[in-house]
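The following paragraphs offer a guided reading of the structure shown below. They proceed from the packing of helices to individual residues and then to the chain as a whole.

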Amino acid sequence: MKNLLKTIAVCAFMMPLPAQAQASEICPTIGRLAESIMTARQRGVPISQAYGLANGNELAIGMIQQAWEKTRWHSDRAQLREVQDFKEQWEIACYQAQGVGV
């Protein structure tokens with residue numbers, strides 16, 4: 001659990017990325033942040049703790065809000081599917097915002 005929370009904090013501190021960064025650099029990082037946030041959601045991390053780790057980063061806060069609106073599943077398989085879907089949703093949105101066809 002500590003490693004998961006550290007990952008969220010590290011990813012949140014990495015944002016925003018430089019404007020000249022390529023989609024191939026930005027979007028995987030956004031995907032990792034989304035994955036970490038949804039994993040925290042599925043593992044039962046309190047939302048207040050997740051907000052604290054976001055350190056005021058608006059992107060991370062938006063992801064946290066969306067993640068906590070999703071169902072917290074009980075089976076490992078359903079949790080993994082929710083994490084993967086959430087990560088993919090954010091990566092697709094990132095690539096589209098960068099003008100990369102997905």
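In this predicted model, helix α2, which spans residues 23–43, and helix α4, which spans residues 58–69, have axes that come within 9 Å and cross at roughly 40 degrees. That angle makes α2 oblique to α4, because only values under 35 degrees would count as roughly parallel. The crossing in which α2 passes α4 is right-handed. On the α2 side, the residues that meet α4 are Ile30, Leu33, Ala34, Ile37, Met38, Ala40 and Arg41, and their counterparts in α4 are Leu59, Ala60, Met63, Ile64, Ala67 and Trp68. Sorted by character, the residues of this contact comprise 12 nonpolar, no polar and 1 charged.

Helix α4 also packs against α5. Two packed helices are described by the angle between their axes and the distance between the axes. For α4 and α5 the angle is about 140 degrees, and the axes lie 12 Å apart. The two helices are therefore oblique to each other, since a pair counts as roughly antiparallel over 145 degrees. Here, too, the crossing is right-handed, with α4 passing α5. From α4, the contact draws on Leu59, Met63, Gln66 and Ala67, while α5 contributes Phe86, Gln89 and Trp90. The residues of the contact of α4 with α5 divide into 5 nonpolar, 2 polar and no charged.

Which residues does Met38 touch beyond its neighbours within four places in sequence? Met38 is found in helix α2 and is in contact with Ala67, Lys70, Glu82, Val83 and Phe86. Of these, Ala67 is among the α4 residues that meet α2, and Phe86 is one of the α5 residues in the contact with α4. The relative accessible area of Met38 is 0%, so the residue is buried. Its C-alpha atom is separated by 8.4 Å from that of Met63, although the two residues are 25 residues apart along the chain.

Gln79 offers a second case, this time in helix α5, which covers residues 76–97. Its relative accessibility is 17%; because the cut-off for burial is under 20%, Gln79 counts as buried. Residues up to four places away in sequence being set aside, Gln79 touches Gln42, Trp73 and His74.

Attention now turns to the backbone. Most residues other than glycine have a negative phi. Asn55, however, has a positive phi of about 55 degrees although it is not a glycine. Its position is the loop between α3, residues 47–54, and α4.

The overall organisation can now be set out. The protein contains 5 helices and 0 strands, and from the N terminus on its elements run α-α-α-α-α. Of its 102 residues, 38% count as buried; Met38 and Gln79 have already served as examples of burial. Among contacts between residues at least 6 apart in sequence, 69% join residues at least 24 apart. Finally, the protein exposes about 6100 Å², of which carbon and sulfur atoms supply 51%.

Notes. Residues are numbered from 1 along each chain as its sequence is written. This is a predicted model: local features need pLDDT of at least 70, side-chain atom pairs count only at pLDDT 80 or more; totals for chains, interfaces and linings use all residues. Side-chain values use heavy atoms; hydrogens and water are left out. Axes are lines fitted to C-alpha atoms, for helices over the stretch in contact, and angles run from 0 to 180 degrees between N-to-C directions. Helices (H or I, at least four residues) and strands (E, at least two) are DSSP runs, numbered from the N terminus. Angles under 35 degrees count as roughly parallel, over 145 as roughly antiparallel, 65 to 115 as roughly perpendicular and the rest as oblique. A crossing is left-handed if the near helix is turned anticlockwise from the far one by less than a right angle, and right-handed if clockwise. Contact means heavy atoms within 4.5 Å. Ala, Val, Leu, Ile, Met, Phe, Trp, Tyr, Cys and Pro count as nonpolar, Asp, Glu, Lys and Arg as charged, and the others, Gly among them, as polar. Buried means under 20% relative accessible area, exposed over 50%, partly exposed in between (1.4 Å probe, protein chains only). Accessible areas come from the Shrake-Rupley method with a 1.4 Å probe; for residues, only the protein chains shown count as cover.
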